[in-house]
Amino acid sequence: MQWFGRRESDNVDDERGGGGGRLAIGGGLLGLIGAAIYFFTGINPSEVLNQVATNQPRQEQSANNGPEDEGKHFVRVVLADTEDIWTKLFNDMGRTYQKPRLTLFTDYVQSACGNASSATGPFYCPGDARVYIDLSFYDELKNRFGAGGDFAQAYVIAHEVGHHVQNLLGISQKMDEARSRLSRKAYNKLSVKLELQADFYAGVWAHYEQSMKNVLDKGDIEEALNAANAIGDDRLQKQAQGHVEPDSFTHGTSAQRMYWFKKGFETGDVNQGDTFGNGDLE
């Protein structure tokens, strides 16, 4: 992805290097895989935030070292592109796009949805309309899940911004309303559809990164698809516990995540991203 020297968003807050205690989600499956199944949580993530936390020594990261500085510039460029593209798409829909803010943090952070450790992974909180990310996640994505590359990293941000789009369109509120009337199994199925729609929106963004911005390099889309494949519920569960439990899926299989991202990229049409389809959010 061609990102050096391009416009950077002003809507990024850097809360790294703030000191204090360090938190890590501990115990059970969640601790074993670093909350991987919950990566890219999109709506009301309080169930995976506010977990029982334990102190865990970790090497301090400076907010001013080289790799972290480059990472911040990259994040700001990607966020700026999402602002440009979604502003255009909302204008096309006769709507006004309200830009989200993005918070960079180290180890743990407090959001309107609760407290989160870096093990939670990147997430979007509709309560404060913010995306949160610890940049060490990108090392995890590359080294543990084999999904490296700058466009894999961009996909992570675009997915979370996709949840912000859902929030602006009222989908997040409908999900909250559905939570109180559905069983966990039924709600999990809705959660999968929510996450797949965010993948679709990330694909739509990638479409316009190419057609509007012309900044994609050869292999970029493959990097994003590889990332989508790496964090499918079925693959993560298989790696973590040796078997899969479809009723507990919350984000979709690897195949589903790749399909919806690719559909968004190929069509660039927001109207083709109705993953719910059968009126189950009415």
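What follows is a conversation about how the strands and helices of this predicted model are described.

Visitor: How many helices and strands does the chain have, and what share of the residues count as buried?
Guide: The chain has 9 helices and 8 strands, and of its 282 residues 51% count as buried. Among contacts with a separation of 6 or more, 79% are between residues 24 or more positions apart.

Visitor: What makes strand 1 and strand 7 the edge strands of the open sheet?
Guide: The sheet has 4 strands in the order 1-4-8-7, with mixed pairing. Strand 1 (12-14) and strand 7 (123-125) each pair on one side only, and they are the edge strands. From one strand to the next the twist averages 25°.

Visitor: How do you know that strand 1 and strand 4 pair?
Guide: Two strands count as paired if there are at least two bridges between them, and 3 bridges join strand 1 to strand 4 (residues 101-104), with the two running parallel. As an example of this pairing, Val12 has Leu102 in strand 4 as its bridge partner.

Visitor: What makes the pairing in this sheet mixed, and which way do strand 4 and strand 8 run?
Guide: Strand 4 and strand 8 are joined by 4 bridges and run parallel, with Leu102 standing opposite Val131 in strand 8. Strand 7 and strand 8, by contrast, run antiparallel and are joined by 3 bridges, and here Cys125 stands opposite Arg130 in strand 8. With parallel pairing in one place and antiparallel pairing in another, the sheet is described as mixed.

Visitor: Which strands form hairpins, and how many residues lie between them?
Guide: Strand 7 and strand 8 form a hairpin with 4 residues between them, and Ala129 in that turn has a positive phi of about 55°. Strand 5 and strand 6 also form a hairpin, with 2 residues between them. Strand 5 (residues 108-111) and strand 6 (residues 114-117) run antiparallel and are joined by 4 bridges, and the bridge partner of Val109 in strand 6 is Ala116.

Visitor: Why are both faces of strand 8 said to be covered?
Guide: A residue counts as buried under 20% relative accessible area, and in strand 8 that class takes in Arg130 and Tyr132 on one side as well as Val131 and Ile133 on the other, which leaves both faces covered. Helix 3 (residues 136-143) has Ser136, Phe137, Tyr138 and Leu141 as its buried residues, and these pack against strand 8 and helix 4.

Visitor: What does helix 4 touch in the sheet?
Guide: Helix 4 (residues 150-168) packs on the sheet and touches strand 4, strand 7 and strand 8 (130-133), while its direction makes about 20° with that of strand 7.

Visitor: Why is helix 4 called oblique to helix 7?
Guide: The axes of helix 4 and helix 7 (residues 220-230) come within 7 Å and cross at roughly 60°. Angles under 35 degrees count as roughly parallel and those from 65 to 115 as roughly perpendicular, so the crossing falls in neither class and helix 4 is oblique to helix 7. The crossing of these two helices is right-handed.

Visitor: Which residues meet where helix 4 and helix 7 cross, and how many are nonpolar?
Guide: Asp150, Phe151, Ala152 and Tyr155 in helix 4 meet Asp220, Ile221, Glu223, Ala224, Ala227 and Ala228 in helix 7. By class, this contact has 7 nonpolar, no polar and 3 charged residues.

Notes:
Residues are numbered from 1 along each chain as its sequence is written. This is a predicted model: local features need pLDDT of at least 70, side-chain atom pairs count only at pLDDT 80 or more; totals for chains, interfaces and linings use all residues. Side-chain values use heavy atoms; hydrogens and water are left out. Axes are lines fitted to C-alpha atoms, for helices over the stretch in contact, and angles run from 0 to 180 degrees between N-to-C directions. Contact means heavy atoms within 4.5 Å. Buried means under 20% relative accessible area, exposed over 50%, partly exposed in between (1.4 Å probe, protein chains only). Angles under 35 degrees count as roughly parallel, over 145 as roughly antiparallel, 65 to 115 as roughly perpendicular and the rest as oblique. A crossing is left-handed if the near helix is turned anticlockwise from the far one by less than a right angle, and right-handed if clockwise. Ala, Val, Leu, Ile, Met, Phe, Trp, Tyr, Cys and Pro count as nonpolar, Asp, Glu, Lys and Arg as charged, and the others, Gly among them, as polar.
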